[in-house]
Amino acid sequence: MSVATDLRPLDLLADFPAIPEGWAYLDTAATAQKPRPVIDAVTRGYAATYATVHRGVYQRSADMTYAYEAARARVAKFIGGKAEEVIFVRGATEAINLVAQCWAQEQLKPGDRILLSTLEHHANIVPWQMAAEKIGAAIDVIPLTEDHRIDLHAMEAMLTEAHKLVALGHVSNVLGSTLDAKRAVELAHAVGAKILLDGCQAVPRMPVDVAALGCDFYVFSGHKLYGPTGIGVLWGRYALLDAMPPWQVGGSMIDRVTFAKTTYAPPPGRFEAGTPHIVGVLGLHAACDYVDGIGLERIHAHETALVRQAREALSALNSVRLFGPEDSAGIVSFAVEGAHPHDIATILDEGQVAIRAGHHCAQPLMDALGVAATARASFGVYNSAADIDMLVRGVERVTRIFG
Ligand SMILES: Cc1ncc(COP(=O)(O)O)c(C=O)c1O
């Protein structure tokens, strides 16, 4: 079955020089391929306009500082926040570590509790475990519903006034399940807890407005949003950021240094010690423009259609087990009876289809699903119905080989 989408995939495919014809790249949840405007912004940043930021008095540096801060404002607009609430970090992993160290370790006391869910990426588990251990706090885990969403009824029943922080994935990187983030925020705030949303898989797939969601912290990685690697975003409410101590210290993040005492710059500078990833920031600016140019509503509709096509075709194969809800956002995880996910991925690769196989940095979720690993196909703006056909043909071959 062919599913109509309102994107013209071939037009967009031409924007992605690293995707050769006949190759189905279905690993966008790991990292997205880069469109020409992002590549051009990075090239221009190094080849034409390069200079340091925030320090130079010469014109080139002043211009680069202007471009760097313009990117901050652009990212803020992209997610509905204010520029001074956007901190540039290496990626979501670093953003969550920053909040765990500078907010949780400062604000939580022994006996306090942190609430996570079964489907979290390790990046949204391990930093909290480490912080909890240092604080003497405890971690609780929200189970999933039968259709593999974070169970908000269970969350409501579990929350107590001892919970000071809730940290949840906005979209699961394995299941594609989308959190009702607004409801989760309401529930967390009803007991006085702060809430961090891991938006790695949501930001490239649907419109996100942190002000409308009402969350306290929101994190994502640029490379999953068609931007460069090594650049990501921590968004936080200004009052929370302003009350946080720095984490890495040195140049750029200070107000005044003497050997007797050092005072720190206000956010966001306080959290950006050292020379930042200047050109990465320019690339992220271009990525926001590129994605907004297509429109996140259209991208969401496009990926929803691809998911529907993939799920329908794969579920028609007897030996295939699908994970995640029917309406998963751009991601389809599956298993083939008798075949290890690594074998599935290898056979698909022989047919020019790139998928991911493994635990996807979500081992507690694998335990809950009762599997060691899954095969995962994840979609982006460059994918088309033809890629799904290639995926399904490859999986048919797997079922023939493993009988
Ligand atoms: C849901 C989710 N959270 C966090 C991360 C970590 O992102 P990064 O490795 O870019 O820091 C990922 C990346 O796979 C992810 O999918």
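This is a short dialogue on reading the ligand site and a few backbone and ring features.

Colleague: What kind of model is this, and how are residues numbered?

Modeller: This is a predicted model, in which local features need pLDDT of at least 70 and side-chain atom pairs count only at pLDDT 80 or more, while totals for chains, interfaces and linings use all residues. Residues are numbered from 1 along each chain as its sequence is written, and side-chain values use heavy atoms, with hydrogens and water left out.

Colleague: Which residues are around the ligand?

Modeller: A residue is near a molecule if one of its heavy atoms lies within 4 Å of it. Here the residues around the ligand are Gly-91, Ala-92, Thr-93, His-121, Ala-123, Asn-173, Asp-198, Cys-200, Gln-201, Ser-221, His-223 and Lys-224.

Colleague: Which side chains have an N or O atom paired with an oxygen atom of the ligand?

Modeller: A polar contact with the ligand is a pair of N or O atoms within 3.5 Å. A ligand oxygen is 2.7 Å from such an atom in the side chain of Ser-221, 2.8 Å from one in His-223 and 3.2 Å from one in His-121.

Colleague: How are aromatic pairs read, and how many are there?

Modeller: Rings of Phe, Tyr and Trp (its six-membered ring) pair if their centres lie within 6.5 Å; planes under 30 degrees apart count as stacked, over 60 as edge-to-face and the rest as tilted. The whole structure has nine aromatic pairs. One of them, Phe-16 with Tyr-290, is edge-to-face, at 5.9 Å centre to centre and 80 degrees between the planes.

Colleague: Why does the pair of Phe-16 and Tyr-290 tie together parts far apart in sequence?

Modeller: Helices (H or I, at least four residues) and strands (E, at least two) are DSSP runs, numbered from the N terminus. Phe-16 lies in the loop between α1 (9-13) and β1 (24-25) and Tyr-290 in helix α10 (residues 278-294), so the pair links parts 274 residues apart in sequence.

Colleague: Where is there a cis peptide bond?

Modeller: A cis peptide bond joins Pro-267 and Pro-268, with omega about 0 degrees. Pro-268 is in the loop between β10 (262-264) and α10.

Conventions:
A polar contact is a pair of N or O atoms within 3.5 Å; within protein, one must be able to donate a hydrogen and the other to accept it, and residues adjacent in sequence count only if both atoms are side-chain atoms.
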